[in-house]
Amino acid sequence: MGEKHLVRFEPVGIEIEADEDQTVLRAAAEQGVLLMHGCKEGQCASCKSFLLEGDDVELDRYSTFALPDYEKEEGFTLLCRAHAYEDLTIELLNYDEEMIRSGLPIVRAVVEVVSAEHVTHDLRHLIVRLVEPAELKFFPGQYLDFAIPGTAETRSFSMANVPGRAGGRLEFVIKIYPDGLFSRFLDTQVHPGDRLEVSGPFGAFTLRDAPGADLVFVGGGAGMAPILSLLRSMAERGIDRKATFYYGARARRDLCFEQELRALEETLPSFRYVPALSEPGEEDEWDGATGLITDVLRRSESDLAGADAYVCGPPPMVEAALDLLPKLGVAEKRVFYDKFTTTGEPDGP
């Protein structure tokens with residue numbers, strides 16, 4: 001372990017100690033401070049902040065799309081990549097006062113694989129059970145890091161279930177990429193009974209307490225997982241806010257959890273599920289919405305003022321949704337998103 005330094009976050013007035021060997025984001029998470037973040041890999045800019053005092057900071061490798069050189073020179077930094085080598089005062093540019101003090105400490109756990117069944121031709125529904133510890137606290141919408149055996153790499157995947165499931169079970173929806181480091185491992189080597197190491201929880205893709213606000217969920221691919229977790233939590237808690245889930249897929253074979261989502265429409269009277277196919281074939285016999293999911297959203301909604309929006313899926317879909325939602329009236333600070341990023345292999349939340 002390296003030397004520790006005091007890091008103060010403004011304008012919230014929270015202080016933590018950060019070891020030189022860990023990033024500021026990780027140090028905050030381990031002390032129960034939930035800072036806004038996404039990829040933890042220096043690619044999405046969700047954790048971009050500004051150095052007010054102190055400048056002895058070193059950054060792990062990051063994308064200059066997330067932090068251009070000129071911004072770094074001006075004093076901007078990425079908390080998921082930043083190591084403090086002196087006391088710092090940091091201005092948080094993107095924070096949620098409702099969430100920041102509610103962070104859950106990071107834990108390392110061992111899980112045992114229960115099943116990893118296909119739910120589509122390229123999505124697997126991974127179910128594991130906690131071995132040690134027997135319980136892991138998280139908020140619906142958060143994710144865990146999975147260590148990949150035989151490597152120093154990890155990959156992040158969102159829980160699809162709600163906390164506190166019997167037997168310590170956790171569910172994930174994982175897209176299989178032929179060259180994905182974890183997904184190839186999952187597809188070819190993982191069997192029931194195998195044990196894996198995980199750590200977490202991470203992420204701020206959690207349901208905000210805004211009873212009067214309508215909800216719009218936009219998802220695609222494995223983005224099903226955290227949104228399904230949020231919807232299941234709403235059903236469990238009896239939250240009856242008006243909510244619509246727009247889910248995009250290429251063809252009918254790419255849709256999953258259809259039966260459960262239709263059942264949720266019965267459980268949650270104000271909830272509506274809108275799947276859309278971008279490339280339906282004749283064999284699909286599809287009479288539902290067609291086109292890119294953001295185009296379907298544009299055609300279906302004209303005024304989303306006052307709504308909260310949650311977006312999760314592949315980067316092109318997320319980028320298109322982030323551009324569209326403010327035009328439909330959603331305040332930018334009320335758009336919450338998880339964007340799958342890559343680190344050489346296309347695995348993601």
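This is a guided walk through the structure above, from its overall division down to a few single residues. Keep in mind as you look around that the model is predicted.

Let us start with the overall plan. The protein is divided into domain 1 (4–102), domain 2 (107–202) and domain 3 (215–339). To get a feeling for the spacing, find domain 1 and domain 3: their C-alpha centres lie 31 Å apart. We will visit the domains in order along the chain.

Our first stop is an open sheet of five strands, arranged in the order S2-S1-S7-S3-S5, with mixed pairing. Which strands stand at the edges of this sheet? They are strand S2 (14–19) and strand S5 (76–78); each has a single partner strand, so one side of each is left without a neighbour in the sheet. Neighbouring strands here are turned by 40 degrees against each other on average, if direction is ignored.

Strand S1 (residues 4–10) is a good place to see what mixed pairing looks like. Toward S2, strand S1 runs antiparallel, and six bridges join the two. Within that pairing, Val-7 has Ile-16 of S2 as its bridge partner. Toward strand S7 (residues 88–92), strand S1 runs parallel, and four bridges make the connection. Here Phe-9 is partnered with Ile-90 of S7, and Glu-10 with Glu-91 of S7. Strand S1 also has two faces: His-5, Val-7 and Phe-9 form the covered one, while Lys-4, Leu-6, Arg-8 and Glu-10 form the uncovered one.

Now follow the chain out of S1 and into S2. These two strands form a hairpin with three residues between them. In the turn, Gly-13 has a positive phi of about 70 degrees. Pro-11 is also found in the loop between S1 and S2, and the peptide bond that joins Glu-10 and Pro-11 is cis, with omega of about 5 degrees. Why stop to look at such details? Most residues other than glycine have a negative phi, and most peptide bonds are trans.

Lys-40 gives us another backbone detail to look at. Its phi is positive, about 65 degrees, although Lys-40 is not a glycine. You can find Lys-40 in the loop between helix H1 (24–30) and strand S3 (48–53). Is Lys-40 buried or exposed? With a relative accessible area of 17%, Lys-40 falls under the 20% limit, so it counts as buried.

Moving along the chain, we reach a stretch with a database label. For residues 106–208, an unreviewed UniProt entry lists "domain: FAD-binding FR-type". Over these residues the chain is 8% helix and 46% strand, and the end C-alpha atoms are 21 Å apart.

The next sheet to find is an open one of six strands, in the order S11-S10-S13-S8-S9-S12, with antiparallel pairing. Strand S11 (154–158) and strand S12 (169–175) are the edge strands, each pairing on one side only. On average, neighbouring strands of this sheet are turned by 40 degrees against each other, direction ignored. Helix H4 (residues 181–188) packs on the sheet, and the strands it touches include strand S8 (107–118) and strand S9 (123–132). The direction of H4 makes about 110 degrees with that of S12.

Look more closely at one pair in this sheet. Strand S10 (residues 143–147) and S11 pair in the antiparallel sense over five bridges, and Leu-144 stands opposite Phe-157 in S11. Elsewhere, in strand S13, you will find Pro-201. The peptide bond from Gly-200 to Pro-201 is cis, with omega near 10 degrees.

Our last stops are further along the chain. Helix H7 (residues 293–300) has four residues to pick out: Ile-293, Thr-294, Val-296 and Leu-297 are buried. Seen down the helix axis, these buried residues fall within an arc of 155 degrees, so they line one face of H7. What covers them? Among the covering elements are strand S14 (215–220), strand S15 (243–249) and helix H8 (315–327).

Finally, find Glu-285 in the loop between S16 and S17. Glu-285 has a positive phi near 45 degrees, in a residue other than glycine. Its relative accessible area is 68%, and Glu-285 is exposed, whereas Lys-40 is buried.

Methods:
Residues numbered from 1 in each chain as written. Predicted model: local features only at pLDDT ≥ 70, side-chain atom pairs only at ≥ 80, totals over all residues. Heavy atoms only, no water. Buried < 20%, exposed > 50% of the residue type's maximum accessible area, 1.4 Å probe, protein only. Arc of directions from axis to C-beta. Contact = heavy atoms within 4.5 Å. UniProt positions renumbered as here; feature names shortened; annotations may be inferred. Pairing = 2+ DSSP bridges. Axes fitted to C-alpha atoms, helices over the stretch in contact; angles between N-to-C directions. Domains from an automatic or database assignment.
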